[in-house]
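Work through the exercises below with the sequence and the structure side by side. Each task is followed by a solution that goes step by step.

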Amino acid sequence: MAPALPRIARLALDFLVPVALFYALRAAGVGAYAALLAGTAASMAGSLADFLRVRRISPFTLYALALMALSTVVSVIPGDERFLLARGALVVGVSGLWFLVSSVTRRPLVYVMSKPVLEGRFGWPGNWDRLFTELPRFRRIWRVSSIAWGVGLCMDSALRILMAWNLPVDTVPGLTTALTAGTALVLVVAANTYYQVSGAARAWSPFYAGVAVDYPKGRWAIRRDNTQ
């Protein structure tokens, strides 16, 4: 779990710094439009710095870079502050559509993102590529998960548009940040509940009956021995 903590902290900063900068600039008397642009620039600068530091293109990096490029393009399109607020809805909506489309491709997006973190860890079996090929129900959980994430993000996008065009400008950045956190929390909890209930998150469960399983090591191997 420890290696994941820096990623979680970085994600939190990516969300919180632009919002904090927006409200700090507004308190200093800066106009809403300029404050929103500053927040956008701060967010993109952090993402670009991460990419330059890592300097490799994984499927997840490609996904993040594509969204960053879209966000950059939209942010420079002329418009008022409400258009800038709605910009985030467009990016989230495209992200949701990407999840939906990926559910019918060779590798669903949730599978691609989860594999480096979960494969052979936290009770999950190893060798996911083999399981994906040999076990239809293993493929199904990732397709269902990608559909769920796609629907959730599209709903998030629709709510962002409603807030951007109907609520006071100064309240929207804080509310959309809370919405992002809430959407992510609901989707993560729902997905992990699904994995546990289905048995996919436990290498020793009947979910993997009929196929050879590479069991996780460490304390998860002990847990497996105790459940047999």
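**Exercise 1: the surroundings of Thr176**

Leaving aside residues up to four places away in sequence, Thr176 touches Arg160 and Met163, where contact means heavy atoms within 4.5 Å. This is a predicted model, in which local features need pLDDT of at least 70 and side-chain atom pairs count only at pLDDT 80 or more, while totals for chains, interfaces and linings use all residues. Residues are numbered from 1 along each chain as its sequence is written, and side-chain values use heavy atoms, with hydrogens and water left out.

Task: say in which helix Thr176 lies, and decide whether Thr176 counts as buried or exposed.

Solution. Begin with the position: Thr176 belongs to helix α8, residues 172-198, helices being DSSP runs (H or I, at least four residues) numbered from the N terminus. Next take the relative accessibility of Thr176, which is 9%, so that the residue counts as buried (buried means under 20% relative accessible area, exposed over 50%, partly exposed in between, with a 1.4 Å probe and protein chains only).

**Exercise 2: two helices that pack**

Task: find at what angle helix α4 and helix α5 pack, and which residues meet there.

Solution. First, α4 (residues 81-102) and α5 (residues 109-118) pack at an angle of about 95 degrees, their axes lying 7 Å apart; the axes are lines fitted to C-alpha atoms over the stretch in contact, and angles run from 0 to 180 degrees between N-to-C directions. The two helices are therefore roughly perpendicular, a term that covers 65 to 115 degrees. Then look at the side of α4, where Trp98, Phe99 and Ser102 meet Leu109, Val110 and Met113 of α5. Sorted by class, this contact of α4 with α5 has five nonpolar residues, one polar residue and no charged residues.

**Exercise 3: a network of charges**

Task: trace which residues are joined into one network by salt bridges that share partners.

Solution. A salt bridge is a side-chain nitrogen of Lys or Arg within 4 Å of a carboxyl oxygen of Asp or Glu, and by this rule the count comes to six. Start with Arg107 and Asp129, whose closest N and O atoms are 3.8 Å apart. Arg107 is in the loop between α4 and α5 and Asp129 is in helix α6 (residues 128-134), so this pair ties together parts that are 22 residues apart in sequence. Continue to the salt bridge of Asp129 with Lys115, at 3.9 Å between the closest N and O atoms; here Asp129 in α6 is linked to Lys115 in α5, 14 residues apart. Finally, Lys115 also meets Glu119 in a salt bridge of 3.2 Å, N to O. Together, Arg107, Lys115, Glu119 and Asp129 form one network.

**Exercise 4: the nonpolar core**

Task: name the members of the largest nonpolar core that touch the most other members.

Solution. A nonpolar core is a set of buried Ala, Val, Leu, Ile, Met, Phe, Trp, Tyr and Cys residues joined through side-chain atoms within 4.5 Å. The largest has 28 residues, of which Trp124, Trp128, Phe138, Ile141, Trp142, Tyr195 and Tyr208 touch the most other members. At least two residues of this core come from each of α4, α5, α6, α7 (136-166) and α8.

Terms used:
Angles under 35 degrees count as roughly parallel, over 145 as roughly antiparallel, 65 to 115 as roughly perpendicular and the rest as oblique. Ala, Val, Leu, Ile, Met, Phe, Trp, Tyr, Cys and Pro count as nonpolar, Asp, Glu, Lys and Arg as charged, and the others, Gly among them, as polar.
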